[in-house]
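Grab a pencil: here are some short exercises on a protein model, each with a worked solution. Have a go before you read on.

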Amino acid sequence: MMYTDRLGLPLLAAGQAQKEITHNEALALLDVVAQACVESASLSTPPAMPQAGQCWIVAAGATGAWSGQEGAIACWSASGWLLLAPRPGWRIWVQDRGHGMRFDGMAWLDDAVREDGIYLDGERVIAPRRGAIAAPAGGSTRDEEARTAIAALLDALRGHGLIAP
């Protein structure tokens, strides 16, 4: 049997009997990877009562029907588990995390941009914007150079959208 280069979809062969089986298999694979979304990337054991169309990224230590399929996308269908090996560059939305993940060729990695900030190497480096910081004012001793520096910092943070104006 021949397959497409990128998604590994089965191709119809000239004179092939029961072409509908090959065609339906290709559609089932497309249904999983087009606009991909999974329930979780944290399960290593298949859920007991999956609904048709629900998918998961198989976590480490996979057991049962997922045994040996770590990192695969597992989707429940009327025919049972459909397991897909991801390709480098694939992105997928993960419901229970509330953000996407991408496959780098070896593992699934959390996206850097998430609802609660921006992450680099797993560490949050930019958090959601906080309220405005009051400009320096008052006091009995004025240090104009310090006030100018503080005002410039506040302007830069506001200009980058890191704090409210």
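**Exercise 1.** Place L154 in its helix and decide whether L154 is buried or exposed.

*Solution.* Start with the helix: L154 sits in α2, residues 144–159 (helices are DSSP runs of H or I, at least four residues, and strands are E runs of at least two, numbered from the N terminus). Next, the accessibility: L154 counts as buried because its relative accessibility is 7%, where buried means under 20% relative accessible area, exposed over 50% and partly exposed in between (1.4 Å probe, protein chains only). Then look for partners: leaving out residues up to four places away in sequence, L154 touches I133, A134, A135, P136 and I163 (contact is heavy atoms within 4.5 Å). Take I133: 21 residues from L154 in sequence, with the C-alpha atoms 7.6 Å apart.

A word on the model: it is predicted, local features need pLDDT of at least 70, side-chain atom pairs count only at pLDDT 80 or more, and totals for chains, interfaces and linings use all residues. Residues are numbered from 1 along each chain as its sequence is written, and side-chain values use heavy atoms, leaving out hydrogens and water.

**Exercise 2.** Find which residues W108 touches, not counting residues up to four places away in sequence.

*Solution.* With those neighbours set aside, the list reads I57, G71, I73, P86, W90, I92, M101, R102 and F103.

**Exercise 3.** Work out whether V113 is exposed or buried, and name its strand.

*Solution.* First, V113 belongs to strand β8, residues 113–114. Second, its relative accessible area is 59%, so V113 is exposed.
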